[in-house]
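Q: I'm new to this structure and would love a close look at just one part of it. Could you walk me through a single helix and the charged contacts that go with this kind of feature?

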Amino acid sequence: MSKVLHSGEEEAGFAAPLTAPIQRRSFMMYTGAAVGITALALSGCDDDEDNNVTPGAGTVDLGSGDVGVLNYAYALEQLEAAFYAQVIATPYAGISADETKYMTAIAKHEAIHRDFFKKAIDTAAPGKAIQGLTPDFSKIDFTSRTSVLTYAKTFEDLGVAAYNGAGKLIKDTNYLLIAGKIVSVEARHAAYIRDLINNGDFASDDIVDPTTGLDKAMEVADVLKAAQPFVKETISGSNVGK
Amino acid sequence: MNLFHILSELEKVEPETMAKLNSRRDIFSTLASMGKKAALAAAPIAIGSAFNKALAGTKDVFDVFNYALLLEYLEEDFYAQALAKAGLIPTGAPTSAIQLIKKHETAHVTLLKGALGAKANPRPKGFDFGPAFDTYANFLAYAQSLEDTGVRAYKGKAGEIKEAGNPNNYLTVALQIHSVEARHASHIRAMRRANGVMQANWITNAEANGAVAAVYGAGKPATTFPSEANVMQAGVDLTTLGYTKEQVSEAFDEGLDQETVVGIAGPFIMS
């Protein structure tokens with residue numbers, strides 16, 4: 001049974017990118033959004049999964065070295081991808097056509113980042129990728145533009161600071177370049193979201209130090225502390241980059 | 001093969017080179033990671049490459065920061081000239097945004113000069129941006145070109161800073177500047193959208209939309225620095241995961257090499 005389960009999870013990572021990190025809790029919402037047959041197959045897998053793991057109750061260890069850094073990024077991208085997938089599935093009241101267009105684009109970017117990291121880890125270190133995480137968005141009111149944009153800003157700024165802080169932990173220069181390719185896209189998102197809240201806040205003094213002109217860089221432990229309230233599983237990142 | 005003998009000979013011929021290496025141990029730790037057999041077979045090549053790396057550690061990071069400083073001088077001057085021209089930038093939100101961006105570029109100049117100390121290159125005599133300030137539309141197109149170039153330029157140097165040994169946490173500082181340039185680029189692109197250019201805050205394919213086309217093209221080597229239309233990451237064509245090439249190209253910003261960047265920015269610099 002566990003083998004079947006595993007192949008189901010693999011499929012979630014590749015064949016059904018948009019649904020991959022969305023586990024059973026939010027599953028009903030996604031079938032409601034007409035995700036289709038793959039998602040239905042997935043739900044069967046998740047039911048089986050209950051025999052082995054209680055969703056949301058476990059600890060997920062990101063691992064060490066570069067694989068740890070990749071898993072760290074994979075965890076954050078899972079969170080972002082799940083958030084925007086929800087925004088698209090249940091748009092907030094009064095969403096404009098432009099906002100729908102660009103939120104949809106961001107949702108795709110984050111899903112691509114998530115699927116990329118899964119694939120990269122599976123290639124570099126088979127079996128070392130962390131599981132699909134269970135998001136906890138209970139604090140977020142997805143019907144409210146203010147609530148959605150506030151949390152979007154939180155996630156994007158956190159993502160930028162996380163990549164900026166993780167650069168020094170990456171040993172393989174190729175991965176460093178790839179992290180650089182992603183962080184600037186996250187910064188573009190962050191600026192877009194901030195301008196939606198208040199035009200001109202794309203790089204305001206609360207996020208970019210007015211004296212040094214530097215964006216934030218955060219250590220792994222601080223990032224995970226900020227992200228933890230939005231994930232059911234307990235994430236352990238104490239060996240990331242070591 | 002006697003490695004100690006080779007090193008002794010090198011010390012005689014290249015005393016300066018040897019002085020720059022922290023210790024012989026640096027060479028051997030590099031060789032050790034290769035495995036004994038491979039190390040013996042490849043020793044001459046490996047030693048040469050180890051020397052290059054050790055030397056890079058004492059030299060290149062300052063070159064990289066001076067290169068960054070030149071780009072920041074250029075950006076700072078570009079916005080200073082734009083703000084000085086009455087009536088070019090509409091008052092209100094557009095002027096406030098450009099003032100904020102200018103403030104960051106000035107801060108970057110100060111920061112990089114401080115990090116370089118006596119090694120900091122002086123400000124060029126001046127910058128000539130040609131028709132950039134003829135119209136607001138021109139100004140925005142040039143601004144987008146410079147910001148998107150800045151993002152690619154910093155990204156292209158991250159590896160070199162890392163391989164230089166990341167002294168004084170310079171890599172993190174470079175990354176913290178890099179993401180600010182991306183925030184600027186995002187907002188400038190939105191300002192152009194508000195001014196009638198249909199485009200997103202991120203880069204779709206290698207579309208310049210009236211900005212400088214080379215900014216979005218391939219660098220050298222193209223395998224490391226492909227155009228912004230690239231869909232291959234870590235050997236995987238990400239369109240095979242169920243996404244369009246537009247979506248994949250948008251999700252990753254590509255880096256750019258110094259030669260290509262200088263080719264883009266060089267014509268603006270008056271020497």
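A: Let's start with Lys157(B) and Glu160(B), whose side chains join in a salt bridge, with N and O 3.0 Å apart. Please keep in mind that this is a predicted model. Both residues belong to helix H6 of chain B, which covers residues 136-163, and because they sit 3 residues apart there, about one helical turn separates them. An α-helix has 3.6 residues a turn, so residues three or four places apart point the same way.

The two partners differ in how much of them is accessible. Lys157(B) has a relative accessibility of 8%, so it counts as buried, the cut-off being under 20%. Glu160(B), at 33%, counts as partly exposed.

Now step back to the helix itself. H6(B) is built from 28 residues and spans 42 Å between its first and last C-alpha, close to the 40 Å expected at 1.5 Å a residue. Lys157(B) turns up again here: H6(B) has a kink of about 30 degrees centred on this residue. Of the 28 residues in H6(B), 24 are buried, so the helix is largely enclosed by the rest of the structure. After H6(B) comes Gly165(B), which has a positive phi, near 100 degrees.

How many salt bridges are there over all chains? The count comes to 19. A few others make a friendly comparison.

One of them pairs Arg194(A) with Asp206(A), at 2.9 Å from N to O. Arg194(A) lies in helix H7 of chain A (residues 173-197) and Asp206(A) in the loop between H7 and helix H8 (220-227), so this pair ties together parts that are 12 residues apart in sequence. Arg194(A) is buried, at 3% relative accessible area, while Asp206(A) is partly exposed, at 45%.

Another salt bridge crosses between chains: Asp215(A), in the loop between H7 and H8 of chain A, reaches Arg183(B), in helix H7 (residues 170-194) of chain B. The closest N and O atoms of Asp215(A) and Arg183(B) are 2.7 Å apart, and both residues are buried.

Which residues are linked with Arg194(A) in a network of salt bridges? They are Asp157(A), Asp206(A), Asp215(A) and Arg183(B). Watch the chain letters as you explore: Asp157(A) belongs to this network, whereas Lys157(B) is the residue at the centre of the kink in H6(B).

Terms used:
Residues are numbered from 1 along each chain as its sequence is written. Chains are lettered from A and ligands numbered from 1 in the order in which they are written. This is a predicted model: local features need pLDDT of at least 70, side-chain atom pairs count only at pLDDT 80 or more; totals for chains, interfaces and linings use all residues. Side-chain values use heavy atoms; hydrogens and water are left out. A salt bridge is a side-chain nitrogen of Lys or Arg within 4 Å of a carboxyl oxygen of Asp or Glu. Helices (H or I, at least four residues) and strands (E, at least two) are DSSP runs, numbered from the N terminus. Buried means under 20% relative accessible area, exposed over 50%, partly exposed in between (1.4 Å probe, protein chains only). The expected span of a helix is 1.5 Å times one less than its number of residues. The bend at a residue is the angle between axes fitted to the seven residues ending there and the seven starting there.
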